[in-house]
Amino acid sequence: ILISGMSNFGKTAVCLNFCGENIDKRPVLMGNEYTTLVDGNYVPTPRFMSRLDAMDWVEWVDVDSNDKFTLLPVREDYAEHIVKDKINIIDWITVETGEHYMIGTILEGIKRQLGRGIAIIALQKGEDASAGRGGQFTKDFTDLELLIDKLGQTESLLTIGKVKEYKKPLRDKTFAFGISEGVKIVNFREVKKCGKCYGRGYTKAGECDVCYGLKFTDK
């Protein structure tokens, strides 16, 4: 699963919700911003711990007070840290050299190490871009693609992109949601392009008076 999204509009919230909803499967969580180096050791950041505390519906530890997930401070060589047959969540992959075409090779390496496991990977993308940084190369080894953009000033728009296998058409379906406390997904609902302005946000008279410039309305 590839989650390509704009900064600050829900990539991490979606990743942590995937982790929380599958916590009993003992997922592996790799994050760019989940840990910080203190006295030579990587420790969880206060922001990361606050987000876990906000997800109060998840039992993060077992009866012996051991974490139900594995937190790895991985910032490169992602494939080497994949745990076979597990859910591996990577938030997020960046190509430090700027050679974004290499993302296809990185994703291919990760997929080879999964066994019967699943990789949920976040990438940065530009506003209204149809793919994460790396363009078409991000799609080549992806089974399910989720694109996240902003919707107005306070909500996010999730669009289903590539779907490798499906029982009914899902591509281009769109959903809106808000984020509370940095991690709680609220008011999740399906939306559609506005029928009056045809998804442009405006008409000849100015801002569309149906979608109020948002380009989408609730379905």
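## Largest pocket and central sheet

In this predicted model, the lining of the largest pocket divides into eight nonpolar, eight polar and 15 charged residues. The volume of this pocket is about 640 Å³. Its lining comprises 31 residues, and those nearest the pocket centre are Asp128, Asp149, Leu157, Thr159 and Phe216. Three elements, β8 (144-151), β9 (155-163) and β11 (184-193), each give two or more residues to this lining. The largest share comes from β8, with five residues.

The table sets out the lining by residue class.

| Class in the lining of the largest pocket | Residues |
|---|---|
| Nonpolar | eight residues |
| Polar | eight residues |
| Charged | 15 residues |

The strands β8, β9 and β11 that contribute to the pocket lining also belong to an open sheet of ten strands. The strand order in this sheet is β5-β2-β6-β7-β1-β8-β9-β10-β11-β14, with mixed pairing. Strands β5 (70-72) and β14 (216-218) stand at the edges and have a single partner strand each, so one side of each has no neighbour in the sheet. From one strand to the next, the twist averages 25°.

One pairing within the sheet can be described at residue level. Strand β6 (residues 87-91) pairs with strand β7 (residues 118-124) in the parallel sense, over five bridges. Asp91 stands opposite Ala122 in β7.

Notes
Residues numbered from 1 in each chain as written. Predicted model: local features only at pLDDT ≥ 70, side-chain atom pairs only at ≥ 80, totals over all residues. Heavy atoms only, no water. Pairing = 2+ DSSP bridges. Helix = DSSP H or I, 4+ residues; strand = E, 2+ residues; numbered from the N terminus. Axes fitted to C-alpha atoms, helices over the stretch in contact; angles between N-to-C directions. 1 Å grid on protein atoms, 1.4 Å probe; cavity = no way out; pocket = protein on both sides within 12 Å on 5 of 7 lines; lining within 4 Å. Points joined across faces, edges and corners; volume = space filled by probe spheres on them. Nonpolar A, V, L, I, M, F, W, Y, C, P; charged D, E, K, R; others polar.
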